[in-house]
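Visitor: I have a chain open in the viewer and would like to talk it through. Could we start with a single residue and work outwards?

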Amino acid sequence: MDVVVVESPAKAKTINKYLGSGFKVLASYGHVRDLPAKDGSVKPDDDFSMSWEVAPDSKKRIDDIAKAIEGAKHLYLATDPDREGEAISWHVQQVLNERKKLDGIDVKRVVFHEITKSAVLDAMENPRELNHELVEAYLARRALDYLVGFNLSPVLWRKLPGSRSAGRVQSVALRLICEREAEIEVFLPQEYWSVDVAMTAASGDPFMARLTHFNGERLGRLGIGNEATAQEAVAAIQSREFKVASVEKKTVQRHPAPPFTTSTLQQEASRKLGFGASRTMQVAQKLYEGMPIGGETVGLITYMRTDSVTLSNEAINSARSLIDRDYGAAYKPEKPRIYKTKSKNAQEAHEAIRPTDMFRRPQDVKDLLDETQLKLYTLIWKRTVACEMSSALLDQARVDMKSPDEAVTLRATGSVLKFDGFLRLYQEGQDDKDDDGEDDRRLPEMESGQPTAVREIKPEQHFTQPPPRYTEASLVKKMEELGIGRPSTYASTLKVLQDRNYVQLDKKRFIPEDRGRLVTAFLANFFKRYIEYDFTAQLEEQLDDISAGTIDWKKVLEDFWKSFSEAVGETKELRITHVLDALDADLGPHFFPVGPNGDTEVARQCPA
């Protein structure tokens, strides 16, 4: 009997049914060993050798696998199809080798991106060897995270009592949150006014316009800075007549968003469903592992950890057939939409997250899923089908009305949805809407030279707003833009920041705790290079280069460790007074806000 190792027990049962009685499928339950949380687990002076430890729970899993392969001809390592999955397979093979259990057994790696019978059987027909470049990228990442965490955290404990830990990615994410909070604290609101005008066209139809030019000059967003100027503008409008000076019309296309990656799924689930990143991944895992359908368990979506926006030809053709059948030929573009992944790391460029069967519509599975599962499946299904639909067409219009002396110009904008296209099914969400965005109001037909009448003038006071605090969606988006972390790590990174009490999530927005701000200020002063966005992103690129086989993993570790260990060593001579002075310079205004008269000393006095 041949043996197959997967990660989860739910997946093991399903795959065993697919493969039949000639196979025994066992679960590793994730990683079977890790670096012990003690000094010396990674030895830079011994060519970065690592000491691994099998956890007590994992020992039983390995015992079961070792017993099962006695007398077997083949061992198939079928853990998840990413860097972590490759690493788990490597660990299982290494432990079994150390136990001398693999003599005479052919060990192969099997990869499938969806848990369907055809995908699993096809993968078993096409096994491969372990990808050592992916394993080395994992080893480098694990060593880097250990070296940073195990060497930096004790520095924090000694120099900054009350702090919990520091991490290669978590500390950079924390910096983003803290810097945004600092921007908000120093933000000074600026007054400005808008002047909207209710008007009537020559046809008698009403519409709205806005003042864009005053005294012959174009107004910027803050062009009217106070009420007095706004009232001057109101008087100028009241004393003038207006004619249509120009009418500009154009038809624009709006294209669908690409199918989901891990990052964009987390962002949209946060915006549209209110799911946190961890919850999204937990629900997606269930959908990937499958639900009982027609007497067997079937995976409903493809693997949910991916950087890729590509779809297989089979998936594209299936989506186009569904669009043609359910929505009509007008909604199916003449040619398929092909999305290309920007990631240069081809070895991890799997498919985007999509339904395993496009014709398995949400209403078809609503009785099989709980509420959260159905919501996420519906989101994935709609996004995938919509990405292959026709573009939406909008008629946009801009009408300028000027006074005879051209001192005042009023502008009306509007757009009309001419053909809904993909919008019939799906529209991408936004993190923070801009009030000055495109106006979707419909305008009456107007021609150059026609008179228009002013009905009502509405001046309105506004104040500029500070940048918004990060939501989980906008923080994940920012991390992805900067190249910090990887899709599989976003959820755990955000969870660690909350578990350490470095940040709190209030009304779905991240607010840094004082402890988090102290940690960031300390690192920014004494380990600045290691929380710089560019440095962290370059390190991620190097890990991708290791995966691609273009750079030696130990060279990356050597280069990092040389400068990092020196920085850690320098903190041994660091005096607490030096630390306090540096933190005071950064965070003094936060802890001791300046009073109305600018007196900082009063703010720092202890209450009587």
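**A walk through the chain**

Guide: Thr-14 is buried, its relative accessible area being 3%, and I should say at the outset that this is a predicted model.

Visitor: Where is Thr-14 found?

Guide: Thr-14 is part of helix H1, which covers residues 9-19 and lies across strands E1 and E2, running at about 170 degrees to E2.

Visitor: And which residues does Thr-14 touch, not counting those up to four places away in sequence?

Guide: With those sequence neighbours left aside, Thr-14 touches Ile-115, Glu-289 and Thr-297.

Visitor: Back to the strands under that helix. What is the strand order in the open sheet?

Guide: The open sheet has 4 strands in the order E2-E1-E7-E8, and their pairing is parallel. At its edges are E2 (23-27) and E8 (106-109), each of which pairs on one side only, and from one strand to the next the twist averages 20 degrees.

Visitor: How many bridges pair E1 with E7?

Guide: Strand E1 (residues 2-6) and strand E7 (residues 74-77) pair over 3 bridges in the parallel sense, and in this pairing Val-3 stands opposite Leu-75 of E7.

Visitor: Something on backbone angles: what is phi at Lys-100?

Guide: Lys-100 has a phi near 60 degrees, which is a positive value in a residue other than glycine. Lys-100 sits in the loop that lies between helix H3 (83-98) and E8.

Visitor: Is Lys-100 buried or exposed?

Guide: Lys-100 has a relative accessibility of 66%, and therefore counts as exposed.

Visitor: Where else should I look for a positive phi?

Guide: The hairpin of E18 and E19 has 2 residues between its strands, and there Lys-507 takes a positive phi near 55 degrees. Lys-508 also has a positive phi, of about 65 degrees, although it is not a glycine. The loop holding Lys-508 runs between strand E18 (503-506) and strand E19 (509-512), and Lys-508 is exposed, with a relative accessible area of 55%.

Visitor: How do E18 and E19 run, parallel or antiparallel?

Guide: E18 and E19 run antiparallel and are joined by 4 bridges, with Gln-504 standing opposite Ile-511 of E19.

Visitor: What about H14, which residues are buried there?

Guide: In helix H14 (residues 487-499), the buried residues are Pro-487, Thr-489, Tyr-490, Ala-491, Thr-493, Leu-494 and Leu-497. The buried residues of H14 pack against helix H6 (170-186), helix H8 (262-273), H9, helix H13 (472-482), E18 and E19, so that the hairpin strands we have just discussed are among their partners. After H14 comes Asn-501, whose phi is positive, near 60 degrees.

Visitor: H9 came up there. At what angle does H9 cross H12?

Guide: The axes of helix H9 (residues 277-289) and helix H12 (residues 371-386) come within 10 Å and cross at roughly 85 degrees. That makes H9 roughly perpendicular to H12, because angles of 65 to 115 degrees count as roughly perpendicular.

Visitor: Which residues make that contact?

Guide: H9 contributes Arg-279, Thr-280, Val-283, Ala-284, Lys-286 and Leu-287, while Thr-372, Gln-373, Leu-376 and Tyr-377 belong to H12. The residues of the contact of H9 with H12 divide into 5 nonpolar, 3 polar and 2 charged.

Visitor: Changing topic, where does Ile-323 lie, and is it buried or exposed?

Guide: Ile-323 lies in helix H10 (residues 313-326), and Ile-323 is buried, with a relative accessible area of 0%. Leaving out residues up to four places away in sequence, Ile-323 touches Gly-328, Tyr-331, Lys-332, Val-385, Glu-388 and Met-389.

Visitor: And how far apart are Ile-323 and Asn-525?

Guide: Ile-323 and Asn-525 are 56 Å apart in space, C-alpha to C-alpha, and 202 residues apart in sequence.

Visitor: To finish, what does the chain come to as a whole?

Guide: The secondary structure of the protein chain comes to 19 helices and 19 strands, and the C-alpha trace spans about 95 × 75 × 45 Å along its principal axes. Of the 608 residues in the protein chain, 50% are buried.

Visitor: What share of contacts with a separation of 6 or more comes from residues 24 or more positions apart?

Guide: Residues 24 or more positions apart account for 76% of those contacts in the protein chain. The accessible surface comes to about 29600 Å², and 47% of this belongs to carbon and sulfur atoms.

Methods: Residues numbered from 1 in each chain as written. Predicted model: local features only at pLDDT ≥ 70, side-chain atom pairs only at ≥ 80, totals over all residues. Heavy atoms only, no water. Axes fitted to C-alpha atoms, helices over the stretch in contact; angles between N-to-C directions. Parallel < 35°, antiparallel > 145°, perpendicular 65-115°, else oblique. Contact = heavy atoms within 4.5 Å. Nonpolar A, V, L, I, M, F, W, Y, C, P; charged D, E, K, R; others polar. Pairing = 2+ DSSP bridges. Buried < 20%, exposed > 50% of the residue type's maximum accessible area, 1.4 Å probe, protein only. Areas by Shrake-Rupley, 256 points an atom, 1.4 Å probe, with all protein chains shown as cover.
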